Amino acid sequence: MELNNRMNTKKIFTCLFFSLFGLLLMFSYKPLEAHAYNYPNKTAAKAGDILVTKETNCKTDCKGLSGHAAIVVDSTYYVHISGPGAHPTKEKLSTWFDSRYGKSTKVVRPTSQYKGSPADAAKWAKNYVKEYKDAVYDITSGNHTFDRTYCSKLVWQAYNFGTAYPIIAPKHVGGLIHPYDFTTAASGGRYADLETVYTNW
């Protein structure tokens with residue numbers, strides 16, 4: 001009888017041990033993050049980085065707008081609207097650099113002097129794609145509307161509304177924001193809080 005009691009007690013403690021061990025594993029488990037993307041010069045991508053290319057999908061409906069821009073939303077993805085007929089999307093950074101965009105791209109990011117948070121701008125852009133997935137491409141929509149947008153407006157809004165600190169000259173508020181405005185600012189523009197971290201121009 002005593003032997004049976006000991007065996008039963010041992011079984012109970014064994015079951016308790018493995019149950020607790022299983023719970024610890026379950027609560028400590030973290031899914032593996034996708035491998036962080038490195039630009040061709042081996043610089044690691046960061047949320048809030050701005051991609052600018054000379055390439056464009058715009059042929060007829062965006063007269064006066066050259067190039068294309070997008071915002072990096074985490075170490076693996078970027079957000080953009082590619083051109084007329086498109087909607088805002090989130091895509092892998094590797095697809096940008098494996099496409100014609102990558103043939104002429106500059107990547108700029110806020111410097112340490114920037115007062116806002118690039119991560120907050122990235123979060124805004126990520127949420128924008130979810131909330132305005134049906135937004136349409138329109139360069140005449142003004143900079144404070146959300147259901148109509150264009151590539152560089154989306155990037156500007158992410159910083160203006162996501163952090164309250166615009167990253168290019170205020171003179172552009174209410175006017176057309178060009179993709180190249182971001183690279184110009186990174187080259188030493190008056191309001192520049194940007195620096196170039198990768199270029200293949």
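Here are legends for a few close-up views of this predicted model.

**View 1. Tyr37 and Phe97, a stacked pair of rings.**
The structure holds 17 aromatic pairs, and this view picks out one of them. To describe a pair of aromatic rings, you give the distance of the centres and the angle of the planes. For Tyr37 and Phe97, the centres are 5.6 Å apart and the planes sit at 20°, so we call the pair stacked; the cut-off for that word is under 30 degrees. Now look at where the two residues come from: Tyr37 is in the loop between helix H1 (2–28) and strand E1 (50–53), while Phe97 belongs to helix H2 (residues 93–98). The pair therefore ties together parts that are 60 residues apart in sequence. Phe97 is buried, with a relative accessible area of 11%.

**View 2. Tyr132 and Phe146, a tilted pair.**
Here the ring centres are 5.8 Å apart and the planes meet at 35°, so this pair counts as tilted. Tyr132 lies in the loop between helix H3 (118–131) and strand E6 (136–137), and Phe146 lies in the loop between E6 and strand E7 (148–149). That means the pair ties together parts 14 residues apart in sequence. Tyr132 is partly exposed at 29% relative accessibility, and Phe146 is partly exposed too, at 25%. Zoom out a little and you'll find both in one aromatic cluster, along with Trp124, Tyr128, Trp156 and Phe161.

**View 3. Two lysines sitting over rings.**
Lys90 lies over the face of Tyr77, 4.8 Å from the ring centre. In the other example, the charged end of Lys106 sits over the ring of Trp201, at 5.1 Å from its centre.

**View 4. Helix H3 and its buried side.**
With 14 residues, H3 reaches 20 Å from its first C-alpha to its last, close to the 20 Å expected at 1.5 Å a residue. Which residues of H3 are buried? They are Ala121, Ala122, Trp124, Ala125, Tyr128 and Val129. These residues cover an arc of only 155° around the axis, which puts them on the same side of H3. It helps to remember that an α-helix has 3.6 residues a turn, so residues three or four places apart point the same way.

**View 5. What H3 packs against, and what it turns away.**
The buried residues of H3 pack against strand E2 (68–72), strand E3 (77–80), strand E4 (89–92), E7 and helix H4 (151–162). Flip to the face turned away from that buried side, and you meet the exposed residues Lys123, Lys130 and Glu131.

Definitions and conventions. Residues are numbered from 1 along each chain as its sequence is written. This is a predicted model: local features need pLDDT of at least 70, side-chain atom pairs count only at pLDDT 80 or more; totals for chains, interfaces and linings use all residues. Side-chain values use heavy atoms; hydrogens and water are left out. Rings of Phe, Tyr and Trp (its six-membered ring) pair if their centres lie within 6.5 Å; planes under 30 degrees apart count as stacked, over 60 as edge-to-face and the rest as tilted. Helices (H or I, at least four residues) and strands (E, at least two) are DSSP runs, numbered from the N terminus. Buried means under 20% relative accessible area, exposed over 50%, partly exposed in between (1.4 Å probe, protein chains only). A charge sits over a ring if NZ of Lys or CZ of Arg is within 6 Å of the ring centre and within 35 degrees of the ring normal. The expected span of a helix is 1.5 Å times one less than its number of residues. The arc is that of the directions from the helix axis to the C-beta atoms. Contact means heavy atoms within 4.5 Å.
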